[in-house]
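Reader: I've just opened this one up and could use a hand. Can we go through it bit by bit?

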Amino acid sequence: MPGIDESLTFYPLRIAVLTISDSRDEASDKSGALLAERLAAAGHELAGKTIVRDEIEAIRAQIREWCDAADVDLIVTTGGTGFSPRDVTPEAVKPLFTREMDGFSILFHQASFGTVGLSTLQSRAFAGQIGETFVFCLPGSTGACRDGWDLILSEELDSRYRPCSLAGQVPRLRHVCA
């Protein structure tokens, strides 16, 4: 039966949160704040949190910086995954991927369908890996971030999740989460 095995040790991940928005600032960034709160409540470490504009080079620069940082295991972004003219997160991030995680988009849409119905079609949520760093790109709404974290990432990033957890693919944890 899949789930959290409480008999195992929990290993926290170092997760950076990137909000991609032309209109948000630290005070109005509810989605980034929700993700930061959720990951900390789950026992993970907030490795960084910032906001960049919906501009391809700004997004790429921040993603690259965190992928090169030894103290960031994983990145979660919020925003820029819709269909408005300024939504460029997929165009900015996907070319950086060495591997794409097709299953994340499928699971996200299944989870999102339960809360927003067919409106999930308006999301281009996706995930993949840049070198050894996993990147999960969520929509900008707090509801979508809640669905993404609560219904997918909270368990998948928990090292105690069985039959296997993505935590075991983080280089510094491969020897303990095998």
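Reader: Which residues does Leu-173 touch, not counting residues up to four places away in sequence?
Author: Keep in mind that this is a predicted model. Leu-173 sits in the segment after strand 8 (161-162). Leaving out residues up to four places away in sequence, the ones Leu-173 touches are Tyr-11, Leu-13 and Ala-167.

Reader: Is Leu-173 buried or exposed?
Author: The cut-off for buried is under 20% relative accessible area. Leu-173 has a relative accessible area of 4%, so Leu-173 counts as buried.

Reader: What distance separates the C-alpha atoms of Leu-173 and Asp-73?
Author: Along the chain, Leu-173 and Asp-73 are 100 residues apart. In space, their C-alpha atoms are separated by 9.8 Å.

Reader: On to the inside, then. Which helix gives the largest share of the largest nonpolar core?
Author: The largest nonpolar core has 27 residues, and Ile-15, Val-76, Phe-104, Phe-136 and Leu-157 have the most contacts inside it. Strand 2 (14-20), helix 1 (30-41), strand 4 (74-78), helix 4 (102-116), strand 7 (133-138) and helix 5 (142-156) each supply at least two residues of this core. The largest share, 5 residues, comes from helix 5.

Reader: How many residues are in the second, separate core?
Author: Leu-18, Val-52, Val-72 and Val-88 are included in that second core, which is separate. Its count of residues is 19.

Reader: Which strands stand at the edges of the open sheet?
Author: The open sheet has 6 strands in the order 3-2-4-7-6-5, with mixed pairing. An edge strand here has a single partner strand, so one side of it is left without a neighbour in the sheet. The two that fit are strand 3 (45-52) and strand 5 (99-100).

Reader: What stands opposite Arg-99 in strand 6?
Author: Strand 5 and strand 6 (residues 126-130) run antiparallel and are joined by 2 bridges. In strand 6, the residue opposite Arg-99 is Gln-129.

Reader: At about what angle does helix 4 run to strand 7?
Author: Helix 4 lies across strand 5, strand 6 and strand 7. To strand 7, helix 4 runs at about 30 degrees.

Reader: Last one: which elements give two or more residues to the lining of the largest pocket?
Author: The largest pocket has a volume of about 260 Å³. It is lined by 19 residues, and the closest to its centre are Ile-20, Ser-21, Arg-24, Gly-79 and Gly-140. The elements that give two or more residues to this lining are strand 2 and helix 1.

Note on methods:
Residues are numbered from 1 along each chain as its sequence is written. This is a predicted model: local features need pLDDT of at least 70, side-chain atom pairs count only at pLDDT 80 or more; totals for chains, interfaces and linings use all residues. Side-chain values use heavy atoms; hydrogens and water are left out. A nonpolar core is a set of buried Ala, Val, Leu, Ile, Met, Phe, Trp, Tyr and Cys residues joined through side-chain atoms within 4.5 Å. Buried means under 20% relative accessible area, exposed over 50%, partly exposed in between (1.4 Å probe, protein chains only). Helices (H or I, at least four residues) and strands (E, at least two) are DSSP runs, numbered from the N terminus. Contact means heavy atoms within 4.5 Å. Two strands pair if DSSP finds at least two bridges between them. Axes are lines fitted to C-alpha atoms, for helices over the stretch in contact, and angles run from 0 to 180 degrees between N-to-C directions. On a 1 Å grid over the protein atoms alone, a cavity is a set of points where a 1.4 Å probe fits but cannot get out, and a pocket is an open set with protein on both sides within 12 Å along at least five of seven lines; lining residues have an atom within 4 Å of a point. Grid points are joined across faces, edges and corners, and a volume is the space filled by probe spheres set on the points.
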